[in-house]
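Colleague: Could you take a close look at one part of this model for me, the place where two helices pack against each other, and then tell me what surrounds it?

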Amino acid sequence: MAAGVATWLPFARAAAVGWLPLAKKIMPKPPVDKKSRNDEILYVNVSGLRFQTWKNTLDRYPDTLLGSSEKEFFYNEDTQEYFFDRDPEMFRHILNFYRTGKLHYPRQECVQAFDEELAFYGIVPDIIGDCCMEEYRDRKKENQERLAEDTEAEMGTDTPLPPNSTHRERLWRAFENPHTSTMALVFYYVTGFFIAVSVIANVVETVPCRPLKGSKKDLPCGEKYSLAFFCMDTACVLIFTFEYLMRLFAAPSRCKFMRSVMSVIDVVAIMPYYIGLVMPENEDVSGAFVTLRVFRVFRIFKFSRHSQGLRILGYTLKSCASELGFLLFSLTMAIIIFATVMFYAEKGTKGTNFTSIPASFWYTIVTMTTLGYGDMVPNTIAGKIFGSICSLSGVLVIALPVPVIVSNFSRIYHQNQRADKMRAQQKVRLARIRLAKKGTTNAFLQYKDEGGFHDRDSDNALCLKNKSSFEHQHHHLLHCLEKTTNHEFTDELTFSEMCMTESMGYRTSRSTSISSQQGMSTSCCPRRAKRRAIRLANSTVSVSRGSVQELDTLQVHKSSSGLQSRSSLNARTEDLKLNCEDRDFTAAIISIPTPPANTPDESLPPSPAFPGILRNSRTNFYTHETVKISSL
Amino acid sequence: MGAVVGTLTMQTRQRQPSRDKVDDELEMTMVCHRPEGLEQLEAQTNFTKQELQVLYRGFKNECPSGVVNEETFKHIYAQFFPHGDASTYAHYLFNAFDTRNNGSIKFEDFVMGLSTLLRGTVREKLEWTFYLYDINRDGFINKEEMTEIVRAIYDMMGKYTYPALKGDVPKQHVDAFFEKMDKNKDGVVTLEEFVLACQEDENMMRSMQLFENVM
């Protein structure tokens, strides 16, 4: 549990008064808090750094924390100073604001941390001076965009399907995410293969083959083996048509699907074939028909479903539409200007190529893009001068928008990389959160086992000493809830076992004695039990090692009375910050280590022969089981 | 060659002009609330200055803006009950604290609520609890309201309980509750019936004593 949440615990406990009328039993005794509340007072200054300033300085801005009476809440009478448990480095900048009237944004700090400090001290970010405002806003926008993408990616298509989805939804999902099922993957590769075959066939069709016997002319292969090519074409078109129809059927919104780019490409790719079938062998129309065959080359665009890079390229071009438009416009302007100039410069020359201004367009374009075919060259001196100016300016005009497009492409590409990385990390993170949750659950159950609810005498006090008062109080709260509802908390394992044993009609003996448990464990699967016992021993070792480590971290966290680590409850980035808070989560004595080497490879189903994986050994066993769950 | 030159000169960071409209959203409405003075709060509640200081420091640490909205509240409360789903109960709890019904809890609301719960008289505590149960604030608790509250509480237990939650356990609980509370059997529980019935319940009075020392 995040240590920062400790401050809310008294509140949650107080609110437990609301359960009292419903509870049939009397509430358990609360733990005695030996420390009086008063020694929460800390004797250090802005985390150790002492700052001194005139009161007037702070009074300059009465609508901030330091300038108003709100700071009285932070006054420490013993040491006669105001204590703030915040970042001392950032505080320097805040204080400078009071001194100079200008707030500066430190470039090396994270913009979010800076924002949090400003929010705490009640300073509106608008006051940031002009010198630093640009940087601040840029970083902030970047951060927000990144957050938006991350939340989008999280809710993305990799989440497992709801169990009761129709065939149509499953089919659509298979099409959109081919790596979710083997069938989809097979289909994906098959279509890819056929696209390649179709494109290659189109290309090879036009290559000249050896002529037929008795003929001198070279024939393109398409005409020589027309039947073979026709069959191949038919097969490809059939596959494409089938794919298109399936997608159309599975699409959640058919109109939207039909308007999408990929679907248009699909249609354009297969239309010529059908039109060709329908068309009669007419001389007039076949000219147009030949043009239609050109559209078959669009099949190559179908590869964009298979290649992410192509999609990124297309997306980049779309997002750089304004830059591309500008490029086009400026080029057109330059072409017209230079073409006119060249035309008039070369007008006098005999037999010149520059017959008209549109004819000069070709020369201008070739020169500006530094191609220089040489089919049109100026002959007059004026023409040559203007021609050189034309080529120099061409370089400039083209070089201007290109970096913009390139940087956009790079940004989008990196975003995509990040999205893929996030997806991979997401799985690990979710697994860790699940383990942490189990850890908290197990801590409570273990607490119950150790008889934490009975009056503690000196013998038991020793082993319970290691828990902090926070844990005591939290467990007390959970115990109150149990008493209110008259049910007890258990965990998944025992619950499922109970269900199984009940369904099988066994009477489970829920005794907590160790002896009976050991007797039972050798009942029907002695070999398994022995292996399990060995593993239990091993995992106990790792648990105790891990628990010592966890205890240390626990002490570190608790000694600062829970005010240091922020639980970032307000920030929307709580998911991202989860990594650094994980150690807080496993406040339980049981720490879940990374799967130890002795994790079994076979999965142990909860067998009814072990009806009470009984309480005393439960903790170790849970470590065992939870490790397995994480590796599954 | 133009492309080569272009790539070589590509060190600029470009921001799309079309995204400038996001700028306006960056001018966040910084909701910032400052509580009344320490003396005033000390007078209005049953806490000492030191206790208020401690409470405020914790509150301010978690919510620098000075207010808690429902989402944050639900998140905080859910941390204490990882087994089950605490969001429904947290919603009712939030409404009980948000006496002004404006969707957010300020420090004053927080402290007043705590003062009632921890330092108030028995009658005040019972009134607060009645206020919590009476979801639509009409002065009566009917069976539907009670069922919702009880269901929310059972949701917090989660799925894995002993004994297993079979049948409609919340409903049975509600029926038992009404048996005890509804004196004139008119189907609703008024504040007076509630207070009377609770004061007659020995167990409950003893439990209330235990909550004195939570802070």
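**A helix pair in chain A**

Modeller: Sure, and bear in mind that this is a predicted model. Here is who touches whom: from H14(A), the residues A:Leu331, A:Ala334, A:Ile335, A:Ile336, A:Phe338, A:Ala339, A:Thr340, A:Met342 and A:Phe343 meet A:Ile357, A:Ser360, A:Phe361, A:Tyr363, A:Thr364, A:Ile365 and A:Met368 of H15(A). Sort the residues of that contact by type and you get 13 nonpolar, three polar and no charged.

Now the geometry. H14 of chain A covers residues 321–345 and H15 of chain A covers residues 357–368; their axes come within 8 Å and cross at roughly 120°. The range from 65 to 115 degrees would count as roughly perpendicular and anything over 145 as roughly antiparallel, so H14(A) and H15(A) are oblique to each other. As for the hand, H14(A) passes H15(A) in a right-handed crossing.

It's worth setting the pair beside the record. An unreviewed UniProt entry lists "transmembrane region" for chain A at several spans, including 324–345 and 357–373. In the model, residues 357–373 of chain A are 71% helix and 0% strand, with end C-alpha atoms 18 Å apart. Another span that the UniProt entry gives as transmembrane is 385–406 of chain A; there the chain is 95% helix and 0% strand, and the end C-alpha atoms are 33 Å apart.

Chain B has a helix pair you can hold up against this one. H5 (residues 70–80) and H6 (residues 87–97) of chain B pack at about 125°, with axes 9 Å apart. H5(B) and H6(B) are therefore oblique to each other too, and their crossing is right-handed. On the H5(B) side, B:Glu70, B:Phe73, B:Lys74 and B:Tyr77 make the contact, meeting B:Ser87, B:Tyr89, B:Ala90, B:His91, B:Leu93 and B:Phe94 in H6(B). The residues here split into six nonpolar, two polar and two charged.

UniProt, again in an unreviewed entry, puts "domain: EF-hand" at residues 85–120, 121–156 and 169–204 of chain B. Residues 85–120 of chain B come out at 67% helix and 8% strand, their end C-alpha atoms 30 Å apart. For 169–204 of chain B, the figures are 72% helix, 8% strand and 21 Å.

Finally, the two chains together: 96 residues of chain A are in contact with 94 of chain B. They bury about 9,000 Å² between them, 65% of it from carbon and sulfur atoms. A:Trp8, A:Phe11 and A:Phe73 supply 10% of the area that chain A buries against chain B, more than any other three residues.

Note on methods
Residues numbered from 1 in each chain as written. Chains lettered and ligands numbered in written order. Predicted model: local features only at pLDDT ≥ 70, side-chain atom pairs only at ≥ 80, totals over all residues. Heavy atoms only, no water. Axes fitted to C-alpha atoms, helices over the stretch in contact; angles between N-to-C directions. Helix = DSSP H or I, 4+ residues; strand = E, 2+ residues; numbered from the N terminus. Parallel < 35°, antiparallel > 145°, perpendicular 65-115°, else oblique. Left-handed = near helix turned anticlockwise from the far one by under 90°. Contact = heavy atoms within 4.5 Å. Nonpolar A, V, L, I, M, F, W, Y, C, P; charged D, E, K, R; others polar. UniProt positions renumbered as here; feature names shortened; annotations may be inferred. Buried area = accessible area lost by both parts, 1.4 Å probe.
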